[in-house]
Protein chains: 2
Amino acid sequence: MQPLELSGVHPPVGVRPTREVLARSREAVEAVLRPAAETLPASMRRIAGYHFGWWDEHGRPITAAGGKAIRPALVLLSAEAVGAAAGTALRPAAAVELAHEFSLLHDDVMDGDRTRRHRPAAWTVFGVSPAILAGDALLTLAFDVLTAGDRAAAEAAKIFSAAVQQLLDGQSADLAFEERDDVDPVECLAMAAGKTGALLGCACALGALAGGGSPEQIDRLAAFGRDLGLAFQLVDDLLGIWGDPETTGKPVHSDLRSRKKSLPVVAALASGTPAGDELAVLYRGEAPLAEADLARVAELVEAAGGRAWSQAKADEMLAQATCHLRSADPCPRPAAELDALARLVTRRDR
Amino acid sequence: MQPLELSGVHPPVGVRPTREVLARSREAVEAVLRPAAETLPASMRRIAGYHFGWWDEHGRPITAAGGKAIRPALVLLSAEAVGAAAGTALRPAAAVELAHEFSLLHDDVMDGDRTRRHRPAAWTVFGVSPAILAGDALLTLAFDVLTAGDRAAAEAAKIFSAAVQQLLDGQSADLAFEERDDVDPVECLAMAAGKTGALLGCACALGALAGGGSPEQIDRLAAFGRDLGLAFQLVDDLLGIWGDPETTGKPVHSDLRSRKKSLPVVAALASGTPAGDELAVLYRGEAPLAEADLARVAELVEAAGGRAWSQAKADEMLAQATCHLRSADPCPRPAAELDALARLVTRRDR
């Protein structure tokens, strides 16, 4: 096939070699991607940086071959092709590259491919679930980068994608806690704030934003949703141990069967009580827990104060949420309904 | 804790019971979600509809308990709390619900949870990889729904999310093909158009859009990228069999080791030649293929015409891409660089 001829027999002036086009595209996009990646939660950032070839598995800078930047080059050249400067298309170029990298992360997991760009694929280094989450994070970041310039959609997209990132970060911490014996209740609450609080806070903020609320109203409604999320997670964790299977749709003691480090369990383990120590021994085992063991584990969590702590924390978070709601100066009818919803979610409605 | 009191001793007028608030929120959001879900590729739609509790695993309508719609209710009430109508916040409400459902799909995969809302979790019904992809699809749809109203960011987001959905649909078809003996080259090309063509087409469209190109220019540059993507995939599949490990970063015959149904293999299997039939027998086995077997498989693909067919198709797609590029009336310098890039990507640069 002949190269494209667009101006008769002579090639147009200033045509750069493809190697240079790609190198410049990679450079231009990396200037957007590096600071964008810095906005990722640390748990996602290290996997992303490894995958991009910026860092080794410990986060130390390396020079590995990254992607070829074909997609960003297509974006930038297409902008130029219609007469604009390449700089007008930097954000979509970075977004497309992020979407590509996201799909590679998930692809390698799904296909079980162990090698990517001459290095061990991210999932072989960080695990399958972290690699799935990191892919999710890059996809979210892609949207964030794409809409970052347009005021109108940008604010909603910013709030939204920040929440998804926090959600992924929380899920990632949740996975990490399963491997650790020394999780303390404070970091467990921070995890729950990400895993559950972020999206509830985002829900309120987006509603207030769409409704034309003031920045203060948006902030306070966001805080209401966030704290409500924490209260909700505490209640959910209580139900994961003591909930009625008819209501929860899960087997009795379901969170204990999988030795899940839910908030009541973490509080019990950190209690320094004899019951907490006995619980630690049972939780460290590998063999499946029999029904009698499960009942004993539940008793130990309660005896070590995990149940009472969780209930008290849930009450505290709910009170704090209500306080935020009040401070948002909300219209009375929806405010009362939000309050009722908060009580429903935290099982305070009966 | 006491219910929130915002207007002295009397509750505000017209406060609806929470059950009604949730039911209305669910209804309002479902009116956005159902048509939004219809825009998903079929492969994603059936998993989403199952997960939402709309359909059984065969796509037949059922009435299963869906989510409680707590998050959408928070969005709608927060809009009302700042004095607006709930209807102003329908899109963010749907987007937040989609992000929640996305995280549940991935969560169940990561945690190995087999039950969700009293039904088998989606991954137990459709498989792990399809559930991961369906989650990705819902996250993408969330952004699409969120930005659907704002002209400026909306057009870019629409193009972008459509491409991500096509990418996921292509990956899904790719997974499905691994289970089938009767994949034909035409559907395999359609899969590649999604898996690889969509994002390259999107790259060009976004660049042209950002650069202020006309709708025709955007379309034609998109077609250029799409066909280039197909050519690229064909070349990539050829390299997956006959590529030099030094260049590809993968072991020799890597796609054959995993019995991947790449385009040359599918063409060979569908050839009706004796070599194709012998190949089918080797590909149907379960035992790992020894080095000698791999060399034989590569020979059979070639003898059955799979290599020549892929090379011819790659040439045809590249020619078609170039034709689209020319018809976009592009500026000469970037057009020449796009052409060179296309030749690089398809290994026609040497």
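A residue is called buried here when its relative accessible area is under 20%. The exercises below use a predicted model.

**Exercise 1. Describe chain A as a whole: which secondary structure does it have, and how much of it is buried?**

Solution. Start with the secondary structure: chain A has 16 helices and two strands. Next take its extent. Along the principal axes, the C-alpha atoms of chain A fill a box of roughly 85 × 55 × 35 Å. Then turn to burial: 57% of the 350 residues of chain A count as buried. Last, look at the contacts between residues at least 6 apart in sequence; in chain A, 70% of these join residues at least 24 apart.

**Exercise 2. Find how chain B is placed relative to chain A.**

Solution. Superpose the chains. A turn of 180 degrees, with a shift of 0.0 Å along the axis, lays chain B on chain A with an RMSD of 0.1 Å. The two copies are therefore related as by a two-fold rotation axis. Now locate the axis within chain B: B:Ala153 is the residue of that chain that comes closest to it, with its C-alpha at 3.1 Å. Finally, compare the interfaces. The copies meet through the same surface, because 100% of the interface residues of chain B are also interface residues in chain A.

**Exercise 3. Examine helix α3 of chain A: what is its length, and which elements do its buried residues pack against?**

Solution. First the length. The helix covers residues 70–81, twelve residues, and reaches 16 Å from its first C-alpha to its last, close to the 16 Å expected at 1.5 Å a residue. Second, burial: twelve of its twelve residues are buried, among them A:Ile70, A:Arg71, A:Val75 and A:Glu80. Third, the packing partners. In chain A these are α1 (18–38) and α4 (90–111), and in chain B they are α8 (185–210), α9 (215–242) and α16 (332–345). After the helix comes A:Gly83, with a positive phi near 95 degrees.

**Exercise 4. Explain why A:Val75 counts as buried, and list what it touches.**

Solution. A:Val75 belongs to helix α3 of chain A. Its relative accessibility is 0%, so A:Val75 counts as buried. Setting aside neighbours within four places in sequence, A:Val75 is in contact with A:Ala89, A:Pro92, A:Ala93 and A:Val96, and also with B:Ala203 and B:Gly207 of the other chain. For a distance across chain A, take A:Val265: it is 190 residues from A:Val75 in sequence and 51 Å away in space, C-alpha to C-alpha.

**Exercise 5. Work out the surroundings of B:Arg71: which side chain of opposite charge is nearest, and which side chain makes a polar contact with it?**

Solution. B:Arg71 sits in helix α3 (residues 70–81) of chain B. Check for a salt bridge, which needs a distance within 4 Å. The nearest side chain of opposite charge, B:Glu97, is 5.3 Å away, and B:Arg71 has no salt bridge although it is buried. Then check polar contacts: the side chains of B:Arg71 and B:His100 make one at 3.3 Å. Last, list the contacts beyond four places in sequence. B:Arg71 touches A:Leu199, A:Leu200, A:Ala203 and A:Phe232 in chain A, along with B:Val96, B:Glu97 and B:His100 in chain B.

**Exercise 6. Decide whether B:Thr322 is buried or exposed, and find where its side chain has a polar partner.**

Solution. Place the residue first: B:Thr322 is in helix α15 (residues 306–327) of chain B. Its relative accessibility is 5%, so B:Thr322 counts as buried. For the partner, a polar atom of its side chain lies 2.8 Å from the backbone oxygen of B:Leu318.

Key
Residues are numbered from 1 along each chain as its sequence is written. Chains are lettered from A and ligands numbered from 1 in the order in which they are written. This is a predicted model: local features need pLDDT of at least 70, side-chain atom pairs count only at pLDDT 80 or more; totals for chains, interfaces and linings use all residues. Side-chain values use heavy atoms; hydrogens and water are left out. Helices (H or I, at least four residues) and strands (E, at least two) are DSSP runs, numbered from the N terminus. Buried means under 20% relative accessible area, exposed over 50%, partly exposed in between (1.4 Å probe, protein chains only). Lys and Arg count as positive and Asp and Glu as negative; His and the chain ends are not counted. A polar contact is a pair of N or O atoms within 3.5 Å; within protein, one must be able to donate a hydrogen and the other to accept it, and residues adjacent in sequence count only if both atoms are side-chain atoms. Contact means heavy atoms within 4.5 Å. Copies are superposed by least squares on the C-alpha atoms of residues with pLDDT of at least 70 in both. The expected span of a helix is 1.5 Å times one less than its number of residues.
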